[in-house]
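Look at the chain below and follow it from its inside outwards. The text starts with the core and then turns to the parts around it.

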Amino acid sequence: MASSTRFAHIAVPVLGLLFFSACSKSDARLENLSAGISKDSVMTVMGVEKPQRIDPFLIDGQFVEAMYFPQPGEADSASVVDRNMSPVIVVDGKLVGWGWKQWDSIAAEKKIPVVKE
């Protein structure tokens with residue numbers, strides 16, 4: 001009985017982690033990005049000629065571009081809602097961050113309004 005209890009203490013968290021990681025919509029392409037690369041290099045890494053959308057901002061003399069990329073293989077209208085896409089942020093032509101955590105942080109710092117849902 002003790003071994004089945006020990007198994008349950010290990011199996012339940014592991015299965016939960018697997019379930020949540022399978023449900024997450026992480027974009028594997030983002031793992032291949034490196035801060036400081038050019039905008040053209042970002043397009044090459046993301047495997048597209050252009051993003052779904054680019055939101056440009058001129059903030060304190062810096063040209064900030066938030067580029068939104070749909071998840072690979074996704075083309076329906078739900079997949080191109082902002083929070084279902086992968087944001088990549090370029091400042092003055094150089095990559096500074098990617099993913100929602102980074103974009104939310106940069107946007108807050110520069111006082112750029114970002115859709116939260």
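In this predicted model, the largest nonpolar core has 13 residues. Within this core, Val64, Tyr68, Trp103 and Ile112 touch the most other members. At least two residues of the core come from each of β2, β3 and α3. The biggest contribution is that of α3, which gives 4 residues.

Tyr68 can be followed further. Leaving aside residues up to four places away in sequence, Tyr68 touches a list of residues that includes Pro51, Gln52, Arg53 and Asp55. Also among the residues it touches are Asp82, Met85, Ser86, Pro87, Trp100 and Trp103. Apart from the largest core lies another core, made of 10 residues. Leu33, Met46, Phe69 and Val88 are among the members of this other core.

Now consider the elements that carry these residues. The chain contains 3 helices and 4 strands. Along the sequence they follow the pattern α-α-β-β-β-β-α.

How are the strands ordered in the sheet? The 4 strands form an open sheet in the order β1-β2-β3-β4, with antiparallel pairing. The edges are taken by β1 (53-59) and β4 (94-98); each has a single partner strand, so one side of each is left without a neighbour in the sheet. On average, neighbouring strands are turned by 25 degrees against each other, direction ignored. One pairing can be traced in detail: β3, residues 86-91, pairs with β4 in the antiparallel sense over 4 bridges. Val90 has Leu95 in β4 as its bridge partner.

Two helices pack on this sheet. Helix α2, residues 39-46, touches β1, β2 (62-69), β3 and β4. The direction of α2 makes about 10 degrees with that of β2. Helix α3, residues 100-110, also packs on the sheet and touches β1, β2, β3 and β4. For α3, the angle between its direction and that of β2 is about 150 degrees.

Some values describe the chain as a whole. Of its 117 residues, 32% are buried. The accessible surface comes to about 7600 Å², and carbon and sulfur atoms account for 60% of that surface. How far apart in sequence are the residues that touch? Among contacts between residues at least 6 apart in sequence, 46% join residues at least 24 apart.

Note on methods. Residues are numbered from 1 along each chain as its sequence is written. This is a predicted model: local features need pLDDT of at least 70, side-chain atom pairs count only at pLDDT 80 or more; totals for chains, interfaces and linings use all residues. Side-chain values use heavy atoms; hydrogens and water are left out. Two strands pair if DSSP finds at least two bridges between them. Axes are lines fitted to C-alpha atoms, for helices over the stretch in contact, and angles run from 0 to 180 degrees between N-to-C directions. Contact means heavy atoms within 4.5 Å. Buried means under 20% relative accessible area, exposed over 50%, partly exposed in between (1.4 Å probe, protein chains only). Accessible areas come from the Shrake-Rupley method with a 1.4 Å probe; for residues, only the protein chains shown count as cover. A nonpolar core is a set of buried Ala, Val, Leu, Ile, Met, Phe, Trp, Tyr and Cys residues joined through side-chain atoms within 4.5 Å.
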